[in-house]
Each structure stands twice: as structure tokens, then as C-alpha cells.
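Colleague: I would like a close look at a single part of this model, with the reasoning set out step by step. Here is the entry I have in mind.

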Amino acid sequence: MENQVIVPNSCKTKVEVIVENKPKEEIKLTQTWNPGSPTMKTETENFIAQAVKDGIVQELHLKDLQNGAMTTDRLIGLYITIQQRRSNL
């Protein structure tokens, strides 16, 4: 058990749990999206830029793509989200 538990020896005493605060682990990007061609990158940027212009997704997604902070998993999820939101318009 990670925490310390103090068990009372009588029914008049409450159970005590002592929890240590551990620092959160830093999340590092893995599998950042690396398109095979400049055309693929340009078309992807245009696709997301249009979705931003249409009010479907926030601009931060486009900025992350342009800054190289977009992971492949996130890009796939973003594509699905854009397609679903467009079909519901």
C-alpha cells in the first residue's frame, strides 16, 4: 500500500490515512506526426484551418500541428471529430 493507514485499537478512535503528495510525472510527446511529403503537411494544415474557420475545432489544434506538437493519435482523433461534426451540421 502506498499510503500509511493507522488502524485504531478502540471504537472511539477514527481511522487515519496519511497520504504523501508525489510530484506528477511529466508527459512527453511520442510519435509526433511526421508527414512523408510537404504536400501532405500542406493539405492537412488546410483541412484543419478550414475546420477552424468553420468553427468546428479550436485554433490551438492548427498551431500544434504547425509547431510539431501534434501526435499521430491526436491527429487521427481530430480528423474523426471534424468529420463527425461536419456531418451533424
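Which residues in helix 1 meet helix 3, and which residues in helix 3 do they meet?

Modeller: On the helix 1 side the residues are T44, F47, I48, Q50 and A51, and in helix 3 they meet L75, L78, Y79, I82, Q83 and R86. Please keep in mind that this is a predicted model, and that everything below is computed from it.

To place this contact in the chain, there are 3 helices and 2 strands, and along the sequence they follow the pattern β-β-α-α-α. The axes of helix 1 and helix 3 come within 11 Å and cross at roughly 45°. Because an angle of that size falls neither under 35 degrees nor in the range from 65 to 115, helix 1 is oblique to helix 3. The crossing in which helix 1 passes helix 3 is left-handed.

Helix 1 also has a contact with helix 2, and here the geometry reads otherwise. The axes of helix 1 and helix 2 come within 9 Å and cross at roughly 165°; since angles over 145 count as roughly antiparallel, helix 1 and helix 2 are therefore roughly antiparallel to each other. This crossing, too, is left-handed. From helix 1 the contact draws on K41, T44, E45, I48, A49 and V52, and from helix 2 on E59, H61, L62, L65 and Q66.

Two residues of helix 1, T44 and I48, are listed in the contact with helix 2 and again in the contact with helix 3, and both deserve a closer reading. T44, which lies in helix 1, counts as buried because its relative accessibility of 12% is under the 20% cut-off. Leaving aside neighbours within four places in sequence, T44 is in contact with W33, L65 and L75. With the same neighbours left aside, I48 is in contact with V57, H61, L62, L65, L75, L78 and I82.

I48 is also a member of the largest nonpolar core, whose 10 residues are I48, A51, I56, V57, L62, L65, M70, L75, L78 and I82. Helix 1 (38-53), helix 2 (59-67) and helix 3 (72-87) each supply at least two residues of this core, and helix 3 gives the most, with 3 residues. In general terms, nonpolar side chains tend to be buried together in soluble globular proteins. For the chain as a whole, buried residues make up 17% of the 89 residues, while the accessible surface comes to about 7600 Å², of which 50% belongs to carbon and sulfur atoms.

Not every residue at the contact between helix 1 and helix 3 is buried. Q83, which lies in helix 3, is partly exposed, with a relative accessible area of 34%. Q83 and I56 are 27 residues apart in sequence, yet 9.5 Å apart in space from C-alpha to C-alpha. Outside the helices, N34 is found in the loop between strand 2 (16-18) and helix 1, and at 67% relative accessibility N34 counts as exposed. N34 and M70 are 36 residues apart in sequence and 9.1 Å apart in space, again C-alpha to C-alpha. Across the chain, residues 24 or more positions apart account for 45% of the contacts with a separation of 6 or more.

Terms used. Residues are numbered from 1 along each chain as its sequence is written. This is a predicted model: local features need pLDDT of at least 70, side-chain atom pairs count only at pLDDT 80 or more; totals for chains, interfaces and linings use all residues. Side-chain values use heavy atoms; hydrogens and water are left out. Helices (H or I, at least four residues) and strands (E, at least two) are DSSP runs, numbered from the N terminus. Buried means under 20% relative accessible area, exposed over 50%, partly exposed in between (1.4 Å probe, protein chains only). Contact means heavy atoms within 4.5 Å. Accessible areas come from the Shrake-Rupley method with a 1.4 Å probe; for residues, only the protein chains shown count as cover. A nonpolar core is a set of buried Ala, Val, Leu, Ile, Met, Phe, Trp, Tyr and Cys residues joined through side-chain atoms within 4.5 Å. Axes are lines fitted to C-alpha atoms, for helices over the stretch in contact, and angles run from 0 to 180 degrees between N-to-C directions. A crossing is left-handed if the near helix is turned anticlockwise from the far one by less than a right angle, and right-handed if clockwise.
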